[in-house]
Amino acid sequence: MSERAVSDVTSDDVLNGHVSEWHSEEGWGVLVTPALPDDVWAHYSAIEAEGFRALTVGEAVTFSVERAEQDRFLWRAVRIWPSASEPLPGDGGSAGGPGYSSSLDITFDT
């Protein structure tokens, strides 16, 4: 991919690649795609899956990225899902997305 094309990559673009490393105990890893010259930093909260979210080294994934400096990486994954499945509905982590959310209802007896 040319330098011009790399600068045009947006979070709406869908890329295919694989997991090159994953640290389950820390919840992050690295994705690789031939569409970008650099590796992509990934966090478990960007994985669109039900239940415990983790990836496996060598697993084929589909993802979107944003240009951001994260540790030593120039790209950060915004949405990630296994290539064998469809993404979950939502926007990948903002309000209403599959990212972590919590709620608490408290009722007091008076």
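The protein chain exposes about 6900 Å², of which carbon and sulfur atoms supply 50%; accessible areas were obtained with the Shrake-Rupley method and a 1.4 Å probe, and for residues only the protein chains shown count as cover. The model is a predicted one, in which local features need pLDDT of at least 70 and side-chain atom pairs count only at pLDDT 80 or more, while totals for chains, interfaces and linings use all residues. Residues are numbered from 1 along each chain as its sequence is written, and side-chain values use heavy atoms, with hydrogens and water left out. Of the 110 residues in the protein chain, 35% are buried (buried, under 20% relative accessible area; exposed, over 50%; partly exposed, in between; 1.4 Å probe, protein chains only). Among contacts (heavy atoms within 4.5 Å) between residues at least 6 apart in sequence, 51% join residues at least 24 apart.

The secondary structure comprises one helix and five strands, arranged α-β-β-β-β-β from the N terminus on. Helices (H or I, at least four residues) and strands (E, at least two) are DSSP runs numbered from the N terminus. The five strands form a closed barrel in the order E1-E2-E3-E5-E4, with mixed pairing; two strands pair if DSSP finds at least two bridges between them. Neighbouring strands of this sheet are turned against each other by 45° on average, direction ignored, the axes being lines fitted to C-alpha atoms, for helices over the stretch in contact, and angles running from 0 to 180 degrees between N-to-C directions. Strands of a sheet pair through backbone hydrogen bonds, in either a parallel or an antiparallel manner. Strands E3 (residues 40-43) and E5 (residues 73-82) run parallel and are joined by two bridges. Val-40 stands opposite Trp-75 in E5.

Two salt bridges are present in the structure, each defined by a side-chain nitrogen of Lys or Arg within 4 Å of a carboxyl oxygen of Asp or Glu. One salt bridge is formed by the side chains of Glu-48 and Arg-79, at 2.5 Å from N to O. This pair links distant parts of the chain, with Glu-48 in the loop between E3 and strand E4 (60-70) and Arg-79 in strand E5, 31 residues apart. Both Glu-48 and Arg-79 are buried.

A salt bridge also connects Arg-76 with Glu-66, the closest N and O atoms being 2.8 Å apart. Because Arg-76 lies in strand E5 and Glu-66 in strand E4, the pair ties together parts that are 10 residues apart in sequence. Arg-76 is partly exposed, at a relative accessible area of 25%, and Glu-66 is partly exposed, at 32%.
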